[in-house]
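Subject: Structure handover

Hi,

Here is the structure I promised to pass on. Please open it and keep it beside this note while you read.

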Amino acid sequence: MTMDKRVIRWKLNEIMAQKRVRNKDLAEGIGITETSVYRLRKTDTMPRMSPERLNDICQFLDCQPGDLLIYIPDNDAEMAEKNQQKLSKRIATTKHQLPETDEEVTEDIAA
């Protein structure tokens, strides 16, 4: 009998994109380097970190730890990875289409 390997996926990248938080802002907000934020953001698996660091991230992003994690059974991991790649492309595309400032939103509404 074989046991399925379980995967806990880390969603910091998605949460930061949804909230439009830059690496620099999170780094300054929780007292770490931008490089560290970049590494935390680019990993798909739950990184090792202290409870204090997780608390700082959740406090800064105004989210729950569960918002940053998703459980994926091993047999679903490959499909989830493909879906994640599609989602990342959509987020990147949407980010370029969204207005960057309130003035642009006002201009869009006025037009």
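Let's start with one residue: is Asn23 buried or exposed? Asn23 is buried, because its relative accessible area is 19%, and the cut-off for buried is under 20%.

Before going further, a word on confidence. This is a predicted model. The mean pLDDT of the protein is 81. Of its residues, 71% reach 70 or more. Confidence is lowest in helix H6, residues 102-110, with a mean of 55. It is highest in helix H2, residues 23-30, at 97.

Now back to Asn23. This residue sits in helix H2. Its side chain makes a polar contact with the side chain of Arg41, at 2.7 Å. Leaving aside residues up to four places away in sequence, Asn23 touches Met16, Glu34, Val37, Tyr38 and Arg41.

Next, look at H2 as a whole. Its buried residues are Asn23, Leu26, Ala27 and Ile30. Viewed down the axis of H2, these buried residues fall within an arc of 100 degrees, so they line one face of the helix. What do they pack against? The buried residues of H2 pack against three helices: H1 (12-19), H3 (34-42) and H4 (51-61).

One last stop. Just after H2 comes Gly31, which takes a positive phi of about 75 degrees.

A good way in is to find Asn23 in H2, then trace its side chain to that of Arg41.

Best wishes

Technical notes
Residues numbered from 1 in each chain as written. Predicted model: local features only at pLDDT ≥ 70, side-chain atom pairs only at ≥ 80, totals over all residues. Heavy atoms only, no water. pLDDT = per-residue confidence, 0-100. Helix = DSSP H or I, 4+ residues; strand = E, 2+ residues; numbered from the N terminus. Buried < 20%, exposed > 50% of the residue type's maximum accessible area, 1.4 Å probe, protein only. Arc of directions from axis to C-beta. Contact = heavy atoms within 4.5 Å. Polar contact = N/O pair within 3.5 Å; in protein donor to acceptor, adjacent residues only side chain to side chain.
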